Amino acid sequence: QDAGNHTLLTDFVLSGLSSRPELRHLLFFTICLVYSMTLFGNLLICVVTVHPTLHVPMYFFLRVLSFLDISTASVVVPKMLANLLAEDRSISYTGCVTQLYCVVFLATTEWYLLAAMAYDRYVAVCSPLRYAAIMNSRACLSLVLLCCCGGNVVSVVQTAWVFTLSFCGPRRINYFFCDIPPLVTLSCADTSLYEKQIISATVLVILTPFCLILLSYACIISSILKISSAESRHKTFSTCSSHLTVVTLYCASGTLIYLQPKSSDSQDTKKILALIYTAVIPTLNPLIYSLRNKEVKEVLIRVMAVLKK
């Protein structure tokens, strides 16, 4: 019977961010504004970092990061906005599978990319004389492809595993997009083995890159302390602290969501955390990683001057 119900299931219903109708329009305009900022900021970074003066590994990685942020937000936010105003909040079975695969792929790839970016900064600060040789264009492209391959493997395994579960209960997902924890709660099968597996995946995908990022920045800070110029130390510390703040926020939200996949008593909290890593952080990344950078701002001023002419 379970297998039959699983086979006959053709769609799910997303409950959305809030069950309170009076909040729908406020949420719609707020999230629409955040999404517009995400698109504008990240597209701006993609355009500006193509400038010849910014053809260095750091800006190549930033361009890829911006593309991932646009993709992550675009996979989740448009459907969420439509559901805030529509009465029919259903999503097809195929659409749910596709959305889950894309979210996991993009989030995992971004985590690995953040680790690669931390390594790039480590080489730049700790081995400046060998930086050009180590972080050449081939090495940078290989790192990005490796991140994508890792994201694809994790996403295929996680998506396939989730959709082999039997969904014999209600088809209503108490969430605003198809994600692992709310789908697991719909299963009538024993998910204890899967919950152990998702904890292992969380360690592999989130905590391991986070530890590597912390290690890289610890080495960077150690090198910074040897710099004689107080102004240079302050500037580098400011940059490192900004990066680590975003990474820590991303790590905390992801870890709290996935370490207890079948916990339903804190579903509203998980919605807020999911909103942070799918909509808020993609908006912050251009500000933290790029637009505070002096070189990027100089190129941006030149581009704006050309556009005015």
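Search this whole structure for cavities of 30 Å³ or more and you find two. Keep in mind that the model is predicted. Here's a quick tour of both, starting with the largest.

**The largest cavity**

- Its volume comes to about 210 Å³.
- There are 16 residues lining the largest cavity, and the ones closest to its centre are A107, T108, V205, I206 and Y258.
- Four helices give two or more residues each to this lining: helix 4 (93-126), helix 6 (137-162), helix 8 (192-224) and helix 9 (230-258).
- Helix 8 chips in the most, with five residues.
- Sort the lining of the largest cavity by class and you get twelve nonpolar residues and four polar ones, with no charged residues.

**The second largest cavity**

- This one has a volume of about 100 Å³.
- Want to find it in the structure? Look for its lining residues, which include M58, L62, L114, M117, I213, H243 and Y289.
- D120 and R121 are also part of the lining of the second largest cavity.
- Helix 3 (57-85), helix 4, helix 8 and helix 9 each bring at least two residues to this lining.
- Helix 4 has the largest share here, with five residues.
- By class, the lining of the second largest cavity splits into nine nonpolar residues, one polar and two charged.

**Who lines what**

- Which helix gives the most to the lining of the largest cavity? That's helix 8.
- Which helix supplies the largest share of the lining of the second largest cavity? There, it's helix 4.

How values were computed:
Residues are numbered from 1 along each chain as its sequence is written. This is a predicted model: local features need pLDDT of at least 70, side-chain atom pairs count only at pLDDT 80 or more; totals for chains, interfaces and linings use all residues. Side-chain values use heavy atoms; hydrogens and water are left out. On a 1 Å grid over the protein atoms alone, a cavity is a set of points where a 1.4 Å probe fits but cannot get out, and a pocket is an open set with protein on both sides within 12 Å along at least five of seven lines; lining residues have an atom within 4 Å of a point. Grid points are joined across faces, edges and corners, and a volume is the space filled by probe spheres set on the points. Ala, Val, Leu, Ile, Met, Phe, Trp, Tyr, Cys and Pro count as nonpolar, Asp, Glu, Lys and Arg as charged, and the others, Gly among them, as polar.
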